[in-house]
Protein chains: 2
Amino acid sequence: MAYLDHTATTPLEGEVLEAMLPFLTDAHGNPSSAHSFGRRAKEAMEAARAEVAEAAGAMAARVIFTGGGSEANNLFLKGFAAISKPGRVAVSAIEHPSVSKAAASLPGWALRRIAVDSRGKLDLADLDCVFSEPVSMISVMLANNETGIIQDIAKIAARAKAAGVRMHTDAVQAFGKIPVDFAALGVQAMTLSAHKLGGPKGVGALILDKRLSISPLIDGGGQEFGLRSGTENVAGIVGFGAAARLAAVRMRAEQAALLKLRHRIEEALRASGAVLFSGGPDCLPNTVYFSFPGIDGGTLVVELDRKGHAVASGSACASGATEPSEVLLAMGVQPDIARGAVRVSLGKGCDPESVENFLIALRSVTSGLLAILQD
Amino acid sequence: MAYLDHTATTPLEGEVLEAMLPFLTDAHGNPSSAHSFGRRAKEAMEAARAEVAEAAGAMAARVIFTGGGSEANNLFLKGFAAISKPGRVAVSAIEHPSVSKAAASLPGWALRRIAVDSRGKLDLADLDCVFSEPVSMISVMLANNETGIIQDIAKIAARAKAAGVRMHTDAVQAFGKIPVDFAALGVQAMTLSAHKLGGPKGVGALILDKRLSISPLIDGGGQEFGLRSGTENVAGIVGFGAAARLAAVRMRAEQAALLKLRHRIEEALRASGAVLFSGGPDCLPNTVYFSFPGIDGGTLVVELDRKGHAVASGSACASGATEPSEVLLAMGVQPDIARGAVRVSLGKGCDPESVENFLIALRSVTSGLLAILQD
């Protein structure tokens with residue numbers, strides 16, 4: 001089986017597992033315990049916090065570990081709303097559901113979706129329109145999980161700052177693939193997740209400006225600066241730290257290699273009549289998103305899986321859904337074309353050979369499905 | 001180092017790690033993915049759900065996996081409050097902070113603490129008093145994390161049912177140590193945690209009656225029946241399942257052995273003038289909680305740690321605190337005595353030899369500290 005779905009989740013790096021194993025065996029202490037088992041766990045957790053902070057351009061004391069990226073997104077939106085007067089929240093029209101649904105859930109708050117263009121880039125004219133009325137917070141993702149499109153977050157954050165609006169960015173898909181620098185982006189809060197960059201599932205982080213207060217989602221023992229109670233997932237956090245450190249070292253070379261593979265796939269897709277929803281210099285190096293008019297995306301995924309190639313239709317996080325991708329609809333894609341959407345996301349283990357094999361399988365499957373269609 | 005702090009957290013069982021390892025290596029799929037990697041992850045997760053359900057006397061479809069016990073407690077209390085009219089919530093006076101603080105945080109709700117007696121048992125007369133006025137929900141823990149006291153949850157739940165009050169129980173410390181049966185207890189919601197019974201940190205569960213609706217804490221992709229979004233911690237969940245299965249098999253023999261060790265410690269403590277806060281047939285087999293008048297609990301923990309014995313002062317989950325235990329204060333213990341509280345919690349690896357070594361160290365440390373005190 002060839003794994004071409006690194007945006008859904010990545011295999012755990014061997015070195016990450018190695019870093020985690022002591023905390024899944026002998027070093028089993030609770031970081032809140034005063035004895036030596038506890039101190040060892042606490043020290044490892046704080047070292048991991050420094051590693052994640054370093055890789056994300058933030059101070060360690062600003063990193064709040066959570067149970068994942070979705071929790072971090074909810075923590076910011078609900079935690080900020082809980083200590084604010086109800087007002088308006090604006091999010092881009094292509095946010096992950098953990099941002100868009102959390103924003104829609106805030107009691108008494110009005111939600112405004114900021115338009116995107118046909119490539120999924122935030123519409124800056126619409127952003128100005130949003131800022132012409134009072135807004136309390138906005139959230140715009142750094143890189144999209146379906147198309148890989150990268151937003152100009154620093155520019156958007158500068159406009160938000162000028163308008164006196166707090167800004168959050170979901171950097172889950174960007175972190176580990178492109179440089180991410182919390183300080184340089186100028187946002188007040190940023191979400192990260194470990195399992196998108198070779199770390200374990202079940203660990204994420206919210207990076208929060210020290211001048212910003214929020215309310216916790218989870219009350220209790222007061223862990224994570226009082227903002228996320230519960231015994232910390234020490235092994236997972238240590239794995240997150242190791243994954244962030246490794247990604248920082250390897251990112252440039254790895255992503256350059258993946259970009260070449262992406263270009264090869266894009267070229268083949270264009271030649272075979274596919275519609276491309278991704279691409280260009282402001283797209284994640286690993287992501288190709290496309291549709292073959294007339295072919296259902298879900299069917300294509302199943303057929304490719306039978307031939308040994310794991311790819312995604314729409315977003316894995318919202319699977320089971322038969323509705324066309326909301327991201328594509330926001331980009332103005334017709335529902336029939338959007339229903340055909342398939343995402344290939346490259347990562348470790350992908351090489352020219354695996355890509356050629358995938359393209360052969362894709363040609364075979366699509367010509368078979370199109371032949372049935374024409375019967 | 002001898003580890004005598006199994007209530008704070010337990011070492012991961014070797015067989016649990018073995019069950020987890022495939023999901024930390026090759027079987028790295030996202031359970032929401034439609035391809036074979038995703039299906040394998042999903043199947044393993046559902047098998048673990050069945051294992052946890054079986055061990056807890058519940059149907060698998062009622063098990064909602066979370067990032068830990070604190071999250072599950074918050075999910076029930078805040079999730080039920082979010083879909084209800086603000087009313088009164090009652091919790092026992094000795095709940096874990098993830099229950100008591102979550103209950104105190106509910107906007108517009110009145111919090112009533114239900115009294116306990118000098119052993120920490122819920123005061124049933126006070127419970128009747130609570131039920132004499134309208135109450136929307138109550139939460140009473142099955143076994144206390146400091147004293148190990150076990151409540152008569154079935155009896156309390158029957159009274160709650162008669163009063164038309166929804167009831168939750170935090171079974172985090174009980175699960176794996178005494179039989180826990182969701183159906184037999186008659187509660188509408190129950191919290192579990194993996195790392196208290198040889199499973200990994202960062203995984204818990206809320207078991208929820210199918211007739212009860214709650215609102216999620218974390219919105220997003222709709223995982224866990226829409227009640228807990230975010231990519232599931234597959235390896236952690238698989239570990240939780242394995243730990244629950246193993247605990248069910250081994251509990252009776254293991255806990256009988258621990259009970260003998262507990263009785264030996266209690267006997268030695270009584271002989272040396274300690275005040276005991278725990279004990280009796282309705283106390284967890286593994287827990288001893290005591291104080292030496294005049295000796296600070298934190299100091300005793302540090303000195304015992306130096307001699308190679310890891311024990312806890314008060315609750316690890318609220319460490320850093322210099323205040324006397326609220327549990328002991330609720331039991332009517334004088335603050336000076338409560339400040340001396342030390343908890344020994346037995347588990348795997350504890351045997352008669354390690355207990356005798358601990359008792360020797362304890363005698364040496366306490367006599368040294370008492371000598372300083374008398375100078």
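**Glu51(A) is partly exposed, at 22% relative accessibility.** In this predicted model, the labels work like this: buried is under 20% relative accessible area, exposed is over 50%, and partly exposed is in between, with a 1.4 Å probe and protein chains only. Arg245(A) is the salt-bridge partner of Glu51(A), with the closest N and O atoms 2.5 Å apart. Arg245(A) lies in helix H8 of chain A and Glu51(A) in helix H2 (residues 36-56) of chain A, so the pair ties together parts 194 residues apart in sequence. Arg245(A) is partly exposed too, with a relative accessible area of 41%. A salt bridge here is a side-chain nitrogen of Lys or Arg within 4 Å of a carboxyl oxygen of Asp or Glu. Helices (H or I, at least four residues) and strands (E, at least two) are DSSP runs, counted off from the N terminus.

Before the other views, some housekeeping. Residues are numbered from 1 along each chain as its sequence is written, while chains are lettered from A and ligands numbered from 1 in the order in which they are written. As this is a predicted model, local features need pLDDT of at least 70 and side-chain atom pairs count only at pLDDT 80 or more, whereas totals for chains, interfaces and linings use all residues, and side-chain values use heavy atoms, with hydrogens and water left out. Chain A averages a pLDDT (the predictor's confidence in each residue, from 0 to 100) of 96, and 98% of the residues score at least 70. For the complex, the predictor gives an ipTM of 0.97 and a pTM of 0.97.

**Arg264(A) pairs with Glu356(A) in a salt bridge.** The closest N and O atoms of the two are 2.6 Å apart. This pair links distant parts of the chain: Arg264(A) sits in helix H8 of chain A and Glu356(A) in helix H12 (residues 352-374) of chain A, 92 residues apart. How much of each side is open? Arg264(A) counts as partly exposed at 27% relative accessibility, and Glu356(A) is partly exposed with 29%.

**Glu13(A), Glu15(A), Arg250(A) and Lys348(A) are linked in a salt-bridge network.** Zoom in on one of the pairs: Glu13(A) forms a salt bridge with Arg250(A), and the closest N and O atoms are 3.1 Å apart. Distant parts of the chain meet here, with Glu13(A) in the loop between strand E1 (2-3) and helix H1 (14-20) of chain A, and Arg250(A) in helix H8 (residues 234-271) of chain A, 237 residues apart. Glu13(A) counts as buried at 12% relative accessibility, whereas Arg250(A) is partly exposed at 23%. For the wider tally, a search of the whole structure finds 44 salt bridges over all chains.

**Chain B meets chain A with 59 residues of each in contact.** Contact means heavy atoms within 4.5 Å. The two chains bury about 4,300 Å² between them, 58% of it on carbon and sulfur atoms; that is the accessible area (1.4 Å probe) that two parts lose on being put together, summed over both. There are 4 salt bridges between chain B and chain A. Asp305(A) and Arg39(B) meet in a salt bridge at 3.1 Å, N to O. Add to that 20 residue pairs in polar contact, both at pLDDT 80 or more (a pair of N or O atoms within 3.5 Å; within protein, one must be able to donate a hydrogen and the other to accept it, and residues adjacent in sequence count only if both atoms are side-chain atoms). On chain B, the elements that each supply at least two residues of the side touching chain A include strand E1 (2-3), helix H2 (36-56) and helix H9 (297-306). The residues of that side divide into 24 nonpolar, 25 polar and 10 charged, where Ala, Val, Leu, Ile, Met, Phe, Trp, Tyr, Cys and Pro are nonpolar, Asp, Glu, Lys and Arg are charged, and the others, Gly among them, are polar.

**Glu224(A) has a positive phi without being a glycine.** Most residues other than glycine have a negative phi. The phi of Glu224(A) is near 55°, and this residue lies in the loop between strand E8 (204-208) and H8 of chain A. Glu224(A) is buried, at 5%. In chain B, Glu224(B) has a positive phi of about 50° and is buried with a relative accessible area of 5%. The loop holding Glu224(B) runs between strand E8 (204-208) and helix H8 (234-271) of chain B.

**Helix H4 (residues 97-104) of chain A is mostly covered.** Of its 8 residues, 6 are buried: Pro97(A), Ser98(A), Val99(A), Ser100(A), Ala102(A) and Ala103(A). The cover over the buried residues of H4(A) includes helix H3 (69-82), strand E3 (88-92), strand E4 (110-114), strand E5 (137-139) and strand E6 (166-170) of chain A.
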